[in-house]
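Here is a quick walk through one protein model for anyone who would rather think at the bench than scroll through coordinates. Have a look at the structure first, then read on.

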Amino acid sequence: MTRLCTLVSGSSGNAVFLSHNGTRILIDCGISGRQAEACLCGIGAEPSAIDYILVTHEHTDHTQGVGVLSRRFDIPVVASRGTWNGMCIGGIAPKNVRIFDNNDQMDIGGIGVTPFDIPHDANQPTGYRFDAGGRRLAVATDIGHISDGVRAAVSGCDTVLLEANYDADMLENGPYPYHLKNRIRGARGHLCNDDAGEFALRLVRDGTKTLLLGHLSKENNSERAAFATVANILERGGIRVGTDVQMGVAPRYHASAVIGL
Ligand SMILES: [Zn+2]
Ligand SMILES: [Zn+2]
């Protein structure tokens with residue numbers, strides 16, 4: 001049995017829970033240790049039972065609680081070398097520092113984990129694809145644009161957590177200063193709802209059955225806008241949302257529904 005859910009999702013903090021045959025993984029922990037413990041207990045998972053924390057990149061909305069959880073529960077932390085260099089966490093036991101230099105597949109507690117480069121303004125940011133008992137899942141957020149590498153890594157996955165960060169009009173007309181708008185919509189920033197929709201269409205045509213839209217901006221998006229934009233693009237492409245693909249939006253402050261495979 002494989003289970004996936006987000007604990008929190010958005011610019012205010014990100015954490016994803018994945019379990020497969022008794023192995024429990026957190027992908028990112030961008031909330032405080034205390035919040036993370038509460039979220040895990042809320043889905044019936046003991047924080048002390050987390051086997052690994054995988055980190056996508058060093059930004060605080062992905063790393064705030066990583067050090068606390070690792071120190072408190074003796075959890076190995078897996079990240080690219082660049083991400084490790086950028087993370088401001090200390091006191092991790094040397095045996096729990098797990099660095100990868102290339103994106104070869106790793107075996108993590110019986111789950112095949114393949115990192116892939118994501119175009120984002122961090123040291124060495126990576127998404128992750130998981131091969132778990134014949135099922136494939138991917139965590140693909142903080143993506144400035146859909147690069148060939150992202151497309152190759154995520155295509156063919158049964159279940160995808162896909163970034164839908166901002167609505168282009170809301171960002172354009174919103175309160176952010178010009179340089180920040182440009183950072184977000186730049187090639188190494190975040191993915192807009194329209195681009196998420198176009199990519200989602202390709203993914204579903206390639207066999208993706210479950211999509212969870214995540215990492216929504218608080219100021220420049222809404223659950224309704226993200227869902228509607230992606231659903232419209234899918235349906236214009238002949239995909240029936242709810243029939244051909246199940247789709248949801250990851251809540252900002254609490255856990256999503258658990259996706260079971
Ligand atoms: Zn980031
Ligand atoms: Zn982020």
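Is His215 buried or exposed? This is a predicted model, and in it His215 has a relative accessible area of 1%. The cut-off for buried is under 20%, so His215 counts as buried. His62 is also in the buried class, at 0% relative accessibility.

**The zinc site**

Both histidines serve the zinc ion (ligand 2). Its protein donors are Asp61 (OD), His62 (NE2), Asp142 (OD) and His215 (NE2), and they lie 2.1 to 2.3 Å from the ion. Along the sequence, these donor residues follow the spacing D-H-x79-D-x72-H. What is the geometry of the site? It is irregular, with angles of 91 to 166° among the four donor atoms. The zinc ion (ligand 1) is 3.4 Å away from the zinc ion (ligand 2). His62 sits in helix H2 (residues 60–63), while His215 is in the loop between strand E12 (210–214) and helix H9 (223–236), so the two histidines tie together parts that are 153 residues apart in sequence.

**Helix H1**

Now for helix H1 (residues 33–42), where the buried residues are Gly33, Ala36, Cys39 and Leu40. Looking down the axis of H1, these buried residues fall within an arc of 125°, so they line one face of the helix. What do they pack against? Their partners are strand E1 (2–8), strand E2 (15–20), strand E3 (23–29) and helix H3 (66–73). Turned away from that buried side is a face carrying the exposed residues Arg34, Ala38 and Gly42. Just after H1 comes Gly44, which takes a positive phi of about 80°.

**The seven-stranded sheet**

An open sheet of seven strands runs in the order E7-E8-E9-E10-E11-E12-E13, and its pairing is mixed. At the edges stand strand E7 (106–108) and strand E13 (246–249); each has a single partner strand, so one side of each is left without a neighbour in the sheet. On average, neighbouring strands here are turned by 20° against each other, direction ignored. Within the sheet, strand E8 (residues 111–117) and strand E9 (residues 126–132) pair in the antiparallel sense over six bridges. Pro115 stands opposite Tyr128 in E9.

Two helices lie across strands of this sheet:

| Helix | Lies across | Angle |
|---|---|---|
| H8 (residues 193–205) | E11 (159–163) and E12 | about 165° to E11 |
| H9 | E12 and E13 | about 155° to E13 |

Methods
Residues are numbered from 1 along each chain as its sequence is written. Chains are lettered from A and ligands numbered from 1 in the order in which they are written. This is a predicted model: local features need pLDDT of at least 70, side-chain atom pairs count only at pLDDT 80 or more; totals for chains, interfaces and linings use all residues. Side-chain values use heavy atoms; hydrogens and water are left out. Buried means under 20% relative accessible area, exposed over 50%, partly exposed in between (1.4 Å probe, protein chains only). Helices (H or I, at least four residues) and strands (E, at least two) are DSSP runs, numbered from the N terminus. The arc is that of the directions from the helix axis to the C-beta atoms. Contact means heavy atoms within 4.5 Å. Donors are N, O and S atoms within 2.8 Å of the metal (3.2 Å for Na, K and Ca); water is not among the atoms, so sites may look incomplete. Four donors count as tetrahedral if all angles lie between 85 and 135 degrees; four count as square planar and six as octahedral if opposite donors are over 155 degrees apart and all others between 65 and 115; anything else is irregular. Two strands pair if DSSP finds at least two bridges between them. Axes are lines fitted to C-alpha atoms, for helices over the stretch in contact, and angles run from 0 to 180 degrees between N-to-C directions.
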